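These are my notebook entries on a single chain, written while I had the sequence and the coordinates open side by side. I begin with one pairing and work outward from there.

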Amino acid sequence: MLASQSRQKSYADPKRRDVEFQVGDFVFLRVSPMKGIRRFGKKGKLSPRFIGPFEILEKVGQVAYRLALPPALSGVHNVFHVSMLRKYVSDTTHILSYEDIELQTDLSYEEQPVQILDRKEKVLRNKTIPLVKVLWRNNKVEEATWELESQMRELYPELFR
């Protein structure tokens with residue numbers, strides 16, 4: 001049993017990184033998308049992962065930090081585990097505005113389709129599958145995804161009017 005635990009520890013240790021922030025540092029906050037559909041088995045592949053940057057106000061315990069959140073995120077508790085934070089790298093292209101995303105209290109948000117950009121049919125041996133190219137809110141045109149037309153009609157009929 002001890003040998004097994006030691007082996008598992010040797011696998012996990014190289015992947016573990018001790019991250020520590022100082023008061024006054026800026027960090028990104030991890031958010032997770034919730035969608036009504038899965039995009040061909042790739043859950044949330046084009047969704048933003050982090051928002052911010054936010055300033056660290058104080059260290060709470062060993063692995064938690066209190067952040068200075070804006071009024072738009074007043075419904076979210078302001079103390080986060082270190083695993084939810086990433087160091088701020090000063091590059092303006094990485095910053096995602098949190099005003100555009102309606103975050104829920106569990107730091108998730110719902111993706112919404114904006115419009116249908118294109119249509120095509122995937123031809124298999126004995127059937128044809130109609131697909132639509134969907135532009136999602138908070139994403140660029142280059143990041144649009146192909147979805148099943150039947151699922152999109154069922155979940156978002158307003159796109160087909």
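Entry 1, strand 1 and its partners. I looked first at L29 and found it opposite I51 in strand 3. The model is a predicted one, and I keep that in mind for everything below. Strand 1 (26-30) and strand 3 (50-60) pair in the antiparallel sense, and I find four bridges between them. L29 also stands opposite L85 in strand 6, where strand 6 (residues 85-87) runs antiparallel to strand 1 and is joined to it by three bridges.

Entry 2, the cis peptide. While following strand 3 I checked the backbone and noted that the peptide bond from G52 to P53 is cis, its omega being near 10 degrees. P53 itself belongs to strand 3.

Entry 3, the nonpolar cores. Which residues have the most contacts inside the largest nonpolar core? I looked these up and found L29, L67, F80 and L85, in a core of 18 residues. Strand 1, strand 3 and strand 4 each contribute at least two residues to this core, and strand 3 gives the largest share of it, three residues. A second core, separate from this one, has eight residues, among them V134, W136, L159 and F160.

I then listed the surroundings of L85, leaving out its neighbours within four places in sequence, and obtained contacts with F21, V27, F28, L29, Y65, L67 and F80. L29 therefore appears here as a contact of L85 as well as its opposite number across the strands.Entry 4, aromatic rings. I counted three aromatic pairs in the model. The rings of F21 and Y65 have their centres 5.6 Å apart and their planes at 75 degrees, so I record this pair as edge-to-face. F21 sits in the loop between helix 1 (2-12) and strand 1, while Y65 lies in strand 4 (residues 64-68), so that the pair links distant parts of the chain, 44 residues apart. I checked the exposure of the two residues as well, and both F21 and Y65 are buried. Elsewhere, F26, F28 and Y88 form one aromatic cluster.

Entry 5, the loop at V23. Is V23 buried or exposed? I found a relative accessible area of 56%, and V23 counts as exposed. V23 has its place in the loop between helix 1 and strand 1. Not counting residues up to four places away in sequence, V23 touches I56, L57, E58 and K59. For V23 and L57, which are 34 residues apart along the chain, I noted a separation of 5.6 Å between the C-alpha atoms.

Entry 6, strands 9 and 10. I moved on to strand 9 (residues 128-136), which pairs with strand 10 in the antiparallel sense over four bridges. Within this pairing, K133 has W146 in strand 10 as its bridge partner. I next asked which residues of strand 10 (residues 145-148) lie on its covered face. They are T145 and E147, whereas W146 and L148 make up the uncovered face. In a regular strand the side chains alternate between the two faces of the sheet. For W146 I also looked at what lies over its ring, and found the charged end of K120 there, 4.6 Å from the ring centre.

Entry 7, E149. I looked up E149 next and placed it in helix 2 (residues 149-155). With a relative accessibility of 13%, E149 counts as buried, because the cut-off for that word is under 20%. Setting aside residues up to four places away in sequence, I found E149 touching R119, P130, L131, V132 and F160. Of these contacts, F160 is one I had already noted as a member of the second core.

Entry 8, the chain as a whole. I closed with the totals for the protein chain, whose secondary structure comes to two helices and 10 strands. Reading from the N terminus, I wrote the order of elements down as α-β-β-β-β-β-β-β-β-β-β-α. Of the 161 residues, 30% count as buried. The accessible surface comes to about 10,900 Å², and 50% of this surface belongs to carbon and sulfur atoms. Lastly, I looked at contacts between residues at least 6 apart in sequence, and 53% of them join residues at least 24 apart.

Conventions:
Residues are numbered from 1 along each chain as its sequence is written. This is a predicted model: local features need pLDDT of at least 70, side-chain atom pairs count only at pLDDT 80 or more; totals for chains, interfaces and linings use all residues. Side-chain values use heavy atoms; hydrogens and water are left out. Buried means under 20% relative accessible area, exposed over 50%, partly exposed in between (1.4 Å probe, protein chains only). Two strands pair if DSSP finds at least two bridges between them. Contact means heavy atoms within 4.5 Å. Accessible areas come from the Shrake-Rupley method with a 1.4 Å probe; for residues, only the protein chains shown count as cover. Rings of Phe, Tyr and Trp (its six-membered ring) pair if their centres lie within 6.5 Å; planes under 30 degrees apart count as stacked, over 60 as edge-to-face and the rest as tilted. A charge sits over a ring if NZ of Lys or CZ of Arg is within 6 Å of the ring centre and within 35 degrees of the ring normal. A nonpolar core is a set of buried Ala, Val, Leu, Ile, Met, Phe, Trp, Tyr and Cys residues joined through side-chain atoms within 4.5 Å.
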